[in-house]
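Student: Could you take me through one part of this model in close detail, and then show me how its surroundings fit together? I'm new to it, so please explain the terms as you go.

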Amino acid sequence: MHVHGGGGASFGNDPEANRIAADWHRSHGTDGLLASLVTLAPDDMLSAVEVLADMAGTAGIAGIHLEGPWLSPRYAGAHDPRLLREPDLGELERLLDAGAGHIRMVTIAPELPRAIPTIELLVERGVVAAVGHTDATYEQTLHAISAGATVATHLFNAMRPIHHREPGPIPALLESPAVTIELIADGVHIHPAIYRMVLAAVGPDRIALVTDAMCAAGMPDGAYQLGQLPVTVTCGEARLPDGTIAGSTASMAELYRFAVAHADLQVATRQTSVNPRRAVGI
């Protein structure tokens, strides 16, 4: 439900690159995926959505996930901050129309202007609204959940951390039973103790393990690109020049093994297959 590429290719407006990325993940433990797009310029994002919508139902591409462009500049992560923008219902309508029903999930920072009407429109159009890349307060996050948000995009990563007097988004997402919690369980994005803590807090059925893989998954260490940003992969870790983690190089098979090691076989199966499918309705 959250993957940007693999096998040397990124999801976007190139059909052959889309096939390469999807085929690599299908050969490494994935039977269906949402092709995730990082923040792009408006015309580029529209073009990528159109191409991916035409490919939906083929090569294991079950739909599209827009991770951006409506994200917090403070927690941009590996999104180009120059391309981030405030929610625009007109732009969203154009993207949804171009997606022809294949946009399954959109990540948004709920503290941004017009974020709540955007979430409400997503829900009205049958699209999963996810909270992520956010500097939201606890109260703003609860407001987003009340408006219909049902997924936490890679919890802990690229969001305001927990503080005992200003809890921020993480406790709000954890304590809301309707929210599915994405975790990038690759041993880089979160420590195994954090995985076990979340598992104890919410139980096995609210966690969806995601790779958040970029094009370097399955490739040697070296120089790559994520959207418009340069990425260096060293010892399998993808990072921007400033050290920010830039997605993972993991496969779903690796996440499955992580969950088996820190939970059990049944939990691993639910968190890599059953729960993600339920969360995005596929």
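Tutor: Let's start with one pair of residues: the bridge partner of Glu67 is Thr107, which lies in strand S5. Before going on, please note that this is a predicted model, in which local features need pLDDT of at least 70 and side-chain atom pairs count only at pLDDT 80 or more, while totals for chains, interfaces and linings use all residues. Residues are numbered from 1 along each chain as its sequence is written, and side-chain values use heavy atoms, with hydrogens and water left out.

The names of elements follow a simple scheme: helices (H or I, at least four residues) and strands (E, at least two) are DSSP runs, numbered from the N terminus. Two strands are said to pair if DSSP finds at least two bridges between them. Strand S4 (residues 61-67) meets this with S5, as the two pair in the parallel sense over 4 bridges. On to the next neighbour: S5 is joined to strand S6 (residues 128-131) by 4 bridges, and these two run parallel. Here Ile108 stands opposite Val131 of S6.

S5 itself covers residues 103-108, and 5 of its 6 residues are buried. Buried means under 20% relative accessible area, exposed means over 50%, and partly exposed lies in between (1.4 Å probe, protein chains only).

Stepping back, we can see the sheet that holds these strands. It is an open sheet of 7 strands in the order S3-S4-S5-S6-S7-S8-S9, with parallel pairing. Strand S3 (33-37) and strand S9 (207-209) are at its edges with a single partner strand each, so one side of each has no neighbour in the sheet. Helix H2 (residues 42-55) packs on this sheet and touches S3, S4 and S5, and its direction makes about 165° with that of S4. Contact here means heavy atoms within 4.5 Å. Axes are lines fitted to C-alpha atoms, for helices over the stretch in contact, and angles run from 0 to 180 degrees between N-to-C directions.

Another helix that meets S5 is H4. Its buried residues are Ala115, Ile116, Thr118, Ile119, Leu121 and Leu122, and they pack against H3, S5, S6 and helix H5 (138-147). After H4 comes Gly126, with a positive phi near 80°.

The meeting of H3 and H4 deserves a closer look. The axes of H3 (residues 89-99) and H4 (residues 115-124) come within 10 Å and cross at roughly 25°. That makes H3 roughly parallel to H4, since angles under 35 degrees count as roughly parallel, over 145 as roughly antiparallel, 65 to 115 as roughly perpendicular and the rest as oblique. The crossing of the two is right-handed; a crossing has this hand if the near helix is turned clockwise from the far one by less than a right angle, and is left-handed if anticlockwise. On the H3 side the contact is made by Leu89, Leu92, Glu93 and Leu96, and on the H4 side by Pro117, Thr118, Leu121 and Leu122. These residues divide into 6 nonpolar, 1 polar and 1 charged. In this count, Ala, Val, Leu, Ile, Met, Phe, Trp, Tyr, Cys and Pro are nonpolar, Asp, Glu, Lys and Arg are charged, and the others, Gly among them, are polar.

A second helix pair gives you something to set beside that one. H7 (residues 192-202) and helix H8 (residues 252-262) pack at an angle of about 70°, with their axes 11 Å apart. H7 and H8 are therefore roughly perpendicular to each other. Pro192, Tyr195 and Arg196 of H7 meet Phe258, Ala259 and His262 of H8.

Finally, there is also an open sheet of 3 strands, in the order S10-S11-S12, with antiparallel pairing. Strand S10 (222-226) and strand S12 (237-239) are its edge strands. S10 and strand S11 (residues 229-234) pair over 5 bridges, with Tyr224 partnered by Val231 and Leu226 by Leu229. The two strands form a hairpin with 2 residues between them, and Gly227 in the turn has a positive phi of about 60°.
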